[in-house]
Amino acid sequence: MEQTAERSAPAAKLPLFTLTTMVIGSMVGAGVFSLPSRFAEETGVAGALIAWAIAGTGMLMLAFVFQLLAVRRPDLDAGVYAYAKAGFGEYLGFFSAFGYWASACVGNVTYWVLIMSTVGAIWPALGEGDTALAIVLSSAGLWAFFLMIRRGVKEAAAINRIVTVAKIVPILVFIVLALVFFDPSVFADNWGGEEYAGSLFGQVKGTMLATVFVFLGVEGASVYSRHAKKRSDVGRATILGFLSVFAVFASVVVVSYGILPMGEIAELRQPSMAGVLEDAVGTWGKVFISVGLIVSVLGAYLAWTLMAAEVLFVAAKDDDMPRFLRRSTPADVPVPALLMTTVLTQLVLIVTAFSDDAFNFALNLTSALSLIPYLFAAAFAVRIGARDDPLTAGGRASSRELVIAAVATLYTAFMLYAAGLKFVLVSFVFYAPATILFVMARREQGRRLFSPGELVVLAVSVAGAVLGVVALAAGWISL
């Protein structure tokens with residue numbers, strides 16, 4: 001029997017190790033297996049190193065922001081959403097919750113596309129993951145996961161721990177083997193990049209969304225803050241998770257430039273990591289990575305589905321989403337939120353059939369949708385650091401904390417610029433209709449629908465959505 005208010009069973013209490021593996025599990029997914037070609041399409045070695053330096057610094061500052069906020073505002077659960085609401089009001093908090101949830105759903109689509117593309121190398125009917133058969137099989141897998149997760153969060157978390165360990169192994173093996181077969185002369189030829197890559201600034205800018213995608217999930221521990229045994233474990237898990245994967249991600253890209261010329265890497269079929277290893281060690285390398293990818297992606301899909309449903313559930317408990325989304329089972333599963341997550345993933349999966357490049361479209365849109373919630377969280381850290389707040393634990397923030405928050409804010413703002421107008425407009429197409437859920441919640445509470453300030457935000461979002469739809473219809477931008 002589902003509960004409509006307080007749950008009959010206490011929430012699962014997760015230790016530091018489990019929180020850390022959930023962060024790693026949500027970060028290590030489809031993105032890392034596509035990194036070689038994603039970077040080689042845009043940049044050479046020099047640009048890649050600069051991009052990783054910027055991304056590593058920016059995301060580390062963002063990880064520190066989530067650590068800071070977990071300690072300074074222990075009263076706030078479901079991190080990304082709660083910080084936006086506390087800092088900038090209910091409507092922008094709602095947008096943050098919806099945007100984070102939508103980015104998780106779109107990101108889940110990349111996992112199924114990549115799995116089908118991997119199998120499509122030996123079963124041509126699946127193409128690159130965007131054929132009718134691929135979408136049917138992906139849909140079957142999507143709903144099978146829904147049924148599994150519905151059984152309970154504890155069971156799903158246990159599976160996630162096992163999968164996290166299993167999926168790290170092939171990535172580490174790839175790095176070691178690539179180093180063994182590393183050719184310094186090929187690496188040197190790739191240093192400045194091919195002619196098609198353009199200027200160094202353009203190369204770095206072009207890779208920024210790829211780095212955002214692979215670091216999505218760094219906030220995973222804060223999303224599950226209500227489950228943590230100790231509040232301090234939330235921040236620790238965030239930093240440990242980030243540092244555990246940053247070196248791995250950068251290494252995957254750098255060692256690939258020592259195996260194949262940049263132009264050849266760019267042309268590799270997804271997952272491009274398999275193509276790189278195949279060139280180095282033969283067919284068995286491709287098979288090894290392909291199997292590892294399927295395990296990795298399924299684990300990441302599980303982690304992100306859990307997080308997406310959690311955000312909707314907590315937003316509903318805070319009266320920022322309709323009440324039906326706060327229902328959960330005695331096994332601690334928010335089933336209506338989980339169902340909405342699965343349905344949106346299904347719809348976006350169908351849309352990929354009309355995209356020129358299903359994987360890259362879903363990947364870039366995921367990054368763009370997630371950046372607005374990240375920006376709100378970083379800006380909230382600046383806000384509480386710059387003034388006295390009676391709700392902030394530990395007194396006023398230090399200068400160091402304020403600098404960290406400011407750098408994280410500038411970084412996420414730059415990422416939005418790097419995303420480009422196309423994905424910002426498509427993001428508005430998601431955001432504006434979501435206001436229906438906000439209106440439903442306000443009506444259930446008998447409250448005024450919008451304040452004057454919220455009407456301005458509504459007008460901007462609707463205008464952006466209309467412009468996005470017109471641009472798509474007129475062919476100014478394409479999927």
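Biologist: How do you know that Asp319 forms a salt bridge with Arg326?

Modeller: The closest N and O atoms of Asp319 and Arg326 are 2.5 Å apart, and a salt bridge requires a side-chain nitrogen of Lys or Arg within 4 Å of a carboxyl oxygen of Asp or Glu, so the pair meets the rule. Please keep in mind that this is a predicted model, in which local features need pLDDT of at least 70 and side-chain atom pairs count only at pLDDT 80 or more, while totals for chains, interfaces and linings use all residues. Residues are numbered from 1 along each chain as its sequence is written, and side-chain values use heavy atoms, with hydrogens and water left out.

Biologist: Why is Asp319 called partly exposed, and why does Arg326 count as buried?

Modeller: Buried means under 20% relative accessible area, exposed means over 50%, and partly exposed is in between, with a 1.4 Å probe and protein chains only. Asp319 has 32% relative accessibility and is therefore partly exposed, whereas Arg326, at 17%, is buried.

Biologist: How many salt bridges does a search of the whole structure find, and which residues are linked in a network of them?

Modeller: The search finds six salt bridges, and the network links Glu90, Arg442, Arg447 and Glu454. Within that network, the closest N and O atoms of Arg442 and Glu90 are 2.8 Å apart. These two residues belong to distant parts of the chain, with Arg442 in helix H18 (residues 421–444) and Glu90 in helix H5, 352 residues apart. Helices here are DSSP runs of H or I with at least four residues, strands are runs of E with at least two, and both are numbered from the N terminus.

Biologist: What makes Arg442 count as buried, and is Glu90 described as buried or partly exposed?

Modeller: Arg442 is at 5% relative accessibility and so is buried, while Glu90 has a relative accessible area of 22% and is therefore partly exposed. Glu90 also forms a salt bridge with Arg447, where the closest N and O atoms are 3.1 Å apart. That pair again links distant parts of the chain, since Arg447 is in the loop between H18 and helix H19 (452–474), 357 residues from Glu90 in helix H5. Arg447 itself is partly exposed, with a relative accessible area of 36%.

Biologist: How many aromatic pairs does the count come to?

Modeller: Rings of Phe, Tyr and Trp (its six-membered ring) pair if their centres lie within 6.5 Å, and planes under 30 degrees apart count as stacked, over 60 as edge-to-face and the rest as tilted. By this rule there are 22 aromatic pairs. One of them is Tyr83 with Phe380, at 6.0 Å centre to centre and 15 degrees between the planes, so the pair is stacked. Tyr83 in helix H4 (residues 79–88) and Phe380 in helix H16 (residues 358–386) are 297 residues apart, and their pair links distant parts of the chain. Tyr83, at 1% relative accessibility, is buried, and Phe380, at 2%, is buried as well.

Biologist: What makes Phe94 and Phe98 a stacked aromatic pair?

Modeller: The ring centres of Phe94 and Phe98 are 6.4 Å apart and their planes differ by 25 degrees, so the pair is counted as stacked. The two residues are separated by about one helical turn because they are four residues apart in helix H5 (residues 90–120). Both Phe94 and Phe98 are buried, and ring pairs link them into a cluster with Tyr91, Phe95, Trp101, Tyr431, Phe438 and Phe450.

Biologist: Which residue joins its side chain to that of Thr43 in a polar contact?

Modeller: Gln203 does, at 2.8 Å. A polar contact is a pair of N or O atoms within 3.5 Å; within protein, one must be able to donate a hydrogen and the other to accept it, and residues adjacent in sequence count only if both atoms are side-chain atoms. The side chain of Gln203 also reaches the backbone oxygen of Gly192 at 3.4 Å. Gln203 lies in helix H9 (residues 200–215) and, with a relative accessible area of 2%, is buried.
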